[in-house]
Amino acid sequence: MELSIIKFSSDDCGTCHRMSHYDSKVVKELGLNFIDVVMQDVVQYRKYRKILISKYPNKEGMGWPTYLLVSNADSDFNIIGEIKGGMSKGDFRTKLKSLSEKIV
């Protein structure tokens, strides 16, 4: 099972930008794949839209950014968990580690 964190963010989101300084590094440290989906990147967004819409059909309730822990992101995906909104590097690591440990 291939596990990925898909980050859904926006070019004009300051919190998304701040977290981009450490989020991919933390994800990779925990042995997960990192997929960055900036909503304005039409090609990347279309590729992963089905995953986002399955969790947020109207995009209501999303945080900026929204991170989805997904198995098999490029095929028959399964959403395992999520992390929403801005936080410190330490808090992000703790939440992500807790999410990924539920799988083992």
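**A guided tour, starting at strand S1**

Select residues 3–9, which form strand S1, and look at its two faces: Leu-3, Ile-5, Lys-7 and Ser-9 on one side, and Ser-4, Ile-6 and Phe-8 on the other, are all buried, so that both faces are covered. Buried here means under 20% relative accessible area, exposed means over 50%, and partly exposed lies in between, with a 1.4 Å probe and protein chains only. Strands (E, at least two residues) and helices (H or I, at least four residues) are DSSP runs, numbered from the N terminus. Because 7 of the 7 residues of S1 are buried, the strand is largely enclosed by the rest of the structure.

Before you go on, note that this is a predicted model, in which local features need pLDDT of at least 70 and side-chain atom pairs count only at pLDDT 80 or more, while totals for chains, interfaces and linings use all residues. Residues are numbered from 1 along each chain as its sequence is written, and side-chain values use heavy atoms, with hydrogens and water left out.

Next, add the strands that pair with S1, where pairing requires that DSSP finds at least two bridges between two strands. Strand S3, residues 66–71, runs antiparallel to S1 and is joined to it by 6 bridges; within S3, Leu-68 is the bridge partner of Ile-6. Strand S2, residues 33–38, pairs with S1 in the parallel sense, over 6 bridges, and there Val-37 stands opposite Phe-8.

Now select helix H4, residues 89–101. Which residues of H4 are buried? They are Phe-92, Leu-96, Leu-99 and Ser-100. These residues cover an arc of only 90° around the axis (taken from the directions from the helix axis to the C-beta atoms), which puts them on the same side of H4. An α-helix has 3.6 residues a turn, so residues three or four places apart point the same way. To see what covers the buried residues of H4, display S1, helix H1 (14–19), helix H2 (23–29), S3 and strand S4 (78–84), which are among the elements in contact, contact meaning heavy atoms within 4.5 Å.

Finally, visit the loops. Between helix H3 (42–55) and S3 you will find Pro-65, and the peptide bond that leads to Pro-65 from Trp-64 is cis, with omega near -5°. Lys-59 is found in the loop between H3 and S3, and has a positive phi of about 65° although it is not a glycine. Asn-72, in the loop between S3 and S4, has a positive phi of about 50° and is not a glycine either. Most residues other than glycine have a negative phi, and most peptide bonds are trans.

How values were computed: Expected span 1.5 Å × (residues − 1).
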